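Please consider the sequence and the model shown here. This report introduces the covalent and charged links between side chains.

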Amino acid sequence: MLALIILCILLTWLLYATICIGMGALLLRGLRLRFSALDALWTGMAVITAILQLYHFLRPIDLVALYLLVALSVAGLIWNRRSLLHNEGEEKKSHSAEVLLCSTAAAIIAFRAAGPCFHYDTGLYGAQAVRWFVTFPLVPGLGNLLGQLGFNSSVFLWIAALDQGPWRDLAHHLFAGFLIAVLVTSIIPAALRIFRAESISPIDWFFTWLFVPAMIWGTTAKIVGTNTDLPTSVICLVAAATLFRGLGGGASIRETSASDTRSINLLVAMVLFSLAVTFKISSLVFALMGWMVAISKMWMVSRNSPSEKRRLMWAVVLSAVLVLPWIVRGVMLTGYPFFPSTAFSIPVDWRVPAFETQMQADFARSFARIPDLTYDYAHGWNWLGPWFRELLREREGFLIPLSFALAGGLAGIVRMMRGIRNSLPQWLWLLVPTLGGLIFWFLEAPAIRFGEPVLWTVGATLGTLAAVQFLDRPWRIRMALAALLLLTAWAAHPRLFWNSYLRPSVDVRTFLRLPVTNLTTRKSISGLQVNMPTETNQCWDAPLPCSPYFRETLHLRRPGRLEFGLASDASEALVRWK
C-alpha cells in the first residue's frame, strides 16, 4: 500500500508540473522569449499564484478555480507544443543516469511526504487558514480570530487549490515536497555534468552545492503540512540561481553568457523574487534587493533595444500583478499591508488592534531569537549568547554554508593576491541582496528557518567562486563531490537518521489525514460561538471558527454571516501562549 501511495504522489506531482509548464509557456510565448520547460514551470507557478490571489477575492478556492487553471494550462501546452519539444530537442539528450537519479530522489521525497504530519504550525493555524480559504472568499479581519491567521502567505492558496477532488483533506502531503522535487531536477543534472567534466559552468556548481539543503529538506517531517518556510526557501534559491545565471553564471567557464538567454533569466528572477514575497514576508528584504539587482541589469541591456525595453516593462508588470494583490490581501486579513508590522495601517473596521499587532510582532521576534513561549527576548541583546550557541549546532542551516562561504572568501583573496581583482565575475553581485537579507534576518527574526535561503545563497555563490578558482582538475572535482556527499550525511545526523527521517513513513498503510483535536465552545460578548481546543493550542482542521486564544470582544461584522468578516475591540491583555 505504501508503494501505491508513493506512486499516487509522484503522478500527482507530474500533473502539477505539467499544469505549471502550460501556464508558464502561455505567458512566455506571448513575450516572444525562448524558454526551457523549467523556465515555464517556475513562471507558471507565479502565474497560478496571481490568478489564485485574484480569484479568492470573489470566490472560495474550489474546483472551478482548478478547472480554470487546467483549461489555461492546456491552452498553453497546445499553443507551445512545438516550441517546447523543439527547445528540449536542442538540449543535450538526458543520460539515463540523470533520469534514474532524479526519479529515485523524487521517490524518496514522496516516501517522506506520505508520512504523518507533525508540523506544529499546521495545527496552530495553517490547516485553519486552508479551511477558511476553501470555504469562503477572502474573509476580512481573519487576524482578529487568531493573529497567525493574519500572516499573509500564498502558500495557503496553493494548498487550498490542491485540496480538491481525490486529494480533499490530504493536500498537506503535496506542496512542499513537490517544490523540493522540482529543485532536485536542476541539482542532479548539474552535479553529473560536473562529475563528467562536461562544459562545466558556474551555475552547475551553484546548484550542486544546494544538494545538501535539498536532500535534508526532502527527507524531514517538515514537508508534511502547511509549512511556509520550505516553499519560501526553495523559491528564493531558485530565484537566486536564475539571477546568478542572468548575471553571466550560466555560461561555460571558457565562454560568455548568451544574450538571448539573459533576458529570460532576468525576467524569471524578478518574477520569482516577487513570488517569494507573497509566500512569506520574512523574504521581503532579500527578495526586494535581488529584484533590484535584476532590474538594474535588465535596464542596462535594454537601453539600445526596444524589444528588451518591452520585456523590462512586462517584468515590472508581472511583479506588480503578484505583489499588489498580495498587499491588498494583507489589508483584508488584518487592516495592515505588512502584518505584523503596524506600518501603513488602513482605518477599516476590521483592523486588528494596534496593541495586539505589536504584541504579535514582539512574540514572533522573541520566539525567533530564543524559541520559548515568552515576549522576553523581543528587545535588547540578552538573547545573543544562547542564540549563537544554538546556531553553532546547525549543521545544514549554518555550518556547511558558512564553510562554503569561507572557501569562497579564500578564493577571492587568492585572486587579488595574483593581481586579477578586475576579473571578478558579475554574478558576485548576488552577494548584495544577501547582505541586506542577512542584516534584516539578524535584527528581526534570526531563526535559522527564516535565514536558510539567504545563508545558502551566500554559501552557494562563494562556494562557486572557490570551485572556479581551485577545482580545475577532474580528480579535485571528484574529491569535492565525495566531500559533499559526506557533508550531507553529516548534516543528516546519522545516529538519528532512521528514527527522525525514515521511520515515520515506514508504517504508513493509508493516506493520512490531519490529527483530530477535542474541542469546547466559548461565547464572546456578542454571542459569537468559537471552537477552542481543550488539550493543546492546535485547532488542526476543526470546524470554523476555531482559535486556541479566546477574545471576548470578537464579533461578526454582519450578524450570522462569517463570510463578511470579523472584528474585535482593542485590548491591553497579553496573549498567554502556553
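The paragraphs that follow treat the disulfide and then the salt bridges.

The structure is a predicted model, in which local features need pLDDT of at least 70, side-chain atom pairs count only at pLDDT 80 or more, and totals for chains, interfaces and linings use all residues. Residues are numbered from 1 along each chain as its sequence is written, and side-chain values use heavy atoms, with hydrogens and water left out.

**Cysteines**

A disulfide is taken here as a pair of cysteine sulfur atoms within 2.5 Å. By this rule there is one disulfide. Its partners are Cys-539 and Cys-546, whose sulfur atoms lie 2.1 Å apart. The link of Cys-539 and Cys-546 is left-handed, with -85° about the S-S bond. Both of these cysteines are buried, a term that stands for under 20% relative accessible area, while exposed stands for over 50% and partly exposed for values in between (1.4 Å probe, protein chains only).

Cys-20, by contrast, is in no disulfide; the nearest cysteine sulfur belongs to Cys-102 and is 17 Å away. Seen from Cys-102, the closest cysteine sulfur is that of Cys-20, and 17 Å is too far for a bond. Cys-20 is buried, at a relative accessible area of 1%, and Cys-102 is also buried, at 16%.

**Salt bridges**

A salt bridge requires a side-chain nitrogen of Lys or Arg within 4 Å of a carboxyl oxygen of Asp or Glu. The count under this rule is 15 salt bridges. The table lists three of them.

| Pair | Closest N to O distance |
|---|---|
| Arg-59 and Asp-62 | 2.6 Å |
| Asp-204 and Arg-193 | 2.7 Å |
| Arg-365 and Glu-444 | 3.4 Å |

In the pair of Arg-59 and Asp-62, Arg-59 is partly exposed at 36% relative accessibility, whereas Asp-62 is buried at 15%.

The salt bridge of Asp-204 with Arg-193 has its closest N and O atoms 2.7 Å apart. This pair links distant parts of the chain, 11 residues apart: Asp-204 belongs to helix α9 (residues 202-209) and Arg-193 to helix α8 (residues 175-196). Helices here are DSSP runs (H or I, at least four residues), numbered from the N terminus. Asp-204 is buried at 3% relative accessibility, and Arg-193 is partly exposed at 29%.

Arg-365 and Glu-444 form a salt bridge as well. They too connect distant parts of the chain, with Arg-365 in helix α15 (residues 354-369) and Glu-444 in helix α18 (residues 431-444), 79 residues apart. Arg-365 is buried at 14% relative accessible area; Glu-444 is partly exposed at 34%.

Finally, a network of salt bridges links Asp-229, Lys-280 and Arg-449.

Note on methods:
Helices (H or I, at least four residues) and strands (E, at least two) are DSSP runs, numbered from the N terminus.
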